[in-house]
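Here are a few exercises to work through with the model open beside you. Try each one before you read its solution.

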Amino acid sequence: MRPDNSLLPFSAILTDGFGRRHSYLRISLTEKCNLRCQYCMPEEGVKLTSRAQLLSTLEVLTLARLFVQEGVEKIRLTGGEPLIRPDVLDIISELRKLEGLKTIAVTTNGMNLARLLPKLKDAGLDLINISLDSLVPAKFEFIVRRKGFHKVMEGIDRAIEMGYNPVKVNCVVMRGLNEDELLDFVALTEKKPLEVRFIEYMPFDGNKWNFKKMVSYQEMLDHIRQQWPNLEKLQTGHSDTAKTFKVHGFKGQFGFITSMSDHFCGSCNRLRITADGSLKVCLFGNSEVSLRDVLRSGASDEELLQIIGGAVGKKKKQHAGMFSISQMKNRPMILIGG
């Protein structure tokens with residue numbers, strides 16, 4: 001049964017062969033980004049899809065409506081950098097009208113956030129995740145290959161001022177680059193209602209992943225525990241991806257996204273639509289179904305739903321594990337919707 005507000009059974013179309021109900025949809029609005037993060041994009045950049053091959057505003061909203069009608073309760077807008085898409089405010093306003101959609105979230109690099117926040121809030125944005133991998137301006141510039149550290153910090157502070165709580169800060173931890181900043185990131189949560197989420201470094205096309213660069217959740221936690229031995233582990237929801245902790249007396253909290261060392265495939269409730277309209281049922285799987293092509297062929301809602309149901313039904317029990325993933329051909333993160 002769908003929780004709380006509805007007596008309707010959950011859609012069979014969004015339920016896979018292992019009984020997982022997919023109530024969370026991530027939609028990438030663009031492949032473009034105003035940063036060039038090392039773990040996300042190959043140094044030489046990526047070949048962008050032509051504009052005509054990307055989903056239009058109407059196509060994004062058509063697909064969102066279908067998924068919400070089937071039981072999706074949360075939509076996260078990603079990219080590239082979603083806030084550089086000119087119609088992002090219109091998309092959020094229209095999503096807000098969908099009956100049954102409880103949460104609209106965005107994952108952003110924060111570069112344009114402070115400027116856009118009042119309009120984003122008015123349009124109906126509920127949750128904000130901001131990517132930030134270093135608190136040292138020079139290191140930030142090295143990782144993202146651009147300037148802009150102070151703009152990101154301004155965006156974080158502005159989001160707090162405007163009542164977003166918690167503001168989530170995503171930090172990809174890479175050995176030899178920023179694992180020495182773990183304690184500084186946790187210290188940020190002392191005075192600010194942030195949730196810092198440390199993400200294990202994941203392999204994607206062109207990001208030169210290797211096992212030695214990955215710092216595991218357990219190693220990070222042990223390091224933080226040396227500084228703050230009395231950590232409190234917080235209860236999380238069944239399908240939450242982060243293992244969450246709090247330092248006693250701190251305003252905020254921190255967590256770990258352990259995709260590599262301790263996967264959470266068993267409770268996965270997420271589906272992804274790429275900016276060019278492909279449905280990915282697993283972030284680390286390379287199988288995709290083009291919903292764009294089906295839409296443009298003039299298919300009915302029923303035909304679209306049949307194709308979505310077919311893809312969800314084939315979702316595997318779990319991803320292939322970190323070593324296999326590192327050998328597998330997949331899109332760079334920027335072309336998936338990170």
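Helices and strands here are DSSP runs, numbered from the N terminus: H or I over at least four residues for a helix, E over at least two for a strand. Keep in mind that this is a predicted model.

**Exercise 1. Find where P166 sits, and work out the peptide bond that joins N165 and P166.**

Solution. Start with the place: P166 is in the loop between α5 and β5 (167-173). Now check omega for the bond between N165 and P166: it is about -5 degrees, and the bond is cis.

**Exercise 2. Look at the bond from G79 to G80 and at the phi of R145.**

Solution. Take the glycines to begin with. Omega is near 20 degrees from G79 to G80, so to speak a cis peptide bond. G80 belongs to the loop between β2 (74-78) and α2 (88-96). Then move to R145, which isn't a glycine yet has a positive phi of about 60 degrees. You'll find R145 in the loop between α4 (137-144) and α5.

**Exercise 3. How are α3 and α5 oriented to each other?**

Solution. Fit the axes of α3 (residues 113-123) and α5 (residues 149-161): they come within 8 Å and cross at roughly 25 degrees. Angles under 35 degrees count as roughly parallel, and α3 and α5 are therefore roughly parallel to each other. Next, list who touches whom: L113, A114, L117 and P118 in α3 meet E154, G155, R158 and A159 in α5. Sorted by class, that contact gives 5 nonpolar, 1 polar and 2 charged residues.

**Exercise 4. Do the same for α1 and α9: what is their orientation?**

Solution. The axes of α1 (residues 57-69) and α9 (residues 301-313) come within 11 Å, crossing at roughly 70 degrees. The range from 65 to 115 counts as roughly perpendicular, so α1 and α9 are roughly perpendicular to each other. On the α1 side the contact uses L63, R65, L66, F67 and Q69, and on the α9 side D301, L304, L305 and I308. The class count is 6 nonpolar, 1 polar and 2 charged.

**Exercise 5. How many aromatic pairs does the structure hold, and what is the geometry of F245 with F256?**

Solution. The structure has 9 aromatic pairs. For F245 and F256, the centres are 5.9 Å apart and the planes make 75 degrees, an edge-to-face pair. Finally, place the rings: F245 is in strand β8 (residues 242-247) and F256 in strand β9 (residues 253-257), 11 residues apart.

Note on methods: Residues are numbered from 1 along each chain as its sequence is written. This is a predicted model: local features need pLDDT of at least 70, side-chain atom pairs count only at pLDDT 80 or more; totals for chains, interfaces and linings use all residues. Side-chain values use heavy atoms; hydrogens and water are left out. Axes are lines fitted to C-alpha atoms, for helices over the stretch in contact, and angles run from 0 to 180 degrees between N-to-C directions. Angles under 35 degrees count as roughly parallel, over 145 as roughly antiparallel, 65 to 115 as roughly perpendicular and the rest as oblique. Contact means heavy atoms within 4.5 Å. Ala, Val, Leu, Ile, Met, Phe, Trp, Tyr, Cys and Pro count as nonpolar, Asp, Glu, Lys and Arg as charged, and the others, Gly among them, as polar. Rings of Phe, Tyr and Trp (its six-membered ring) pair if their centres lie within 6.5 Å; planes under 30 degrees apart count as stacked, over 60 as edge-to-face and the rest as tilted.
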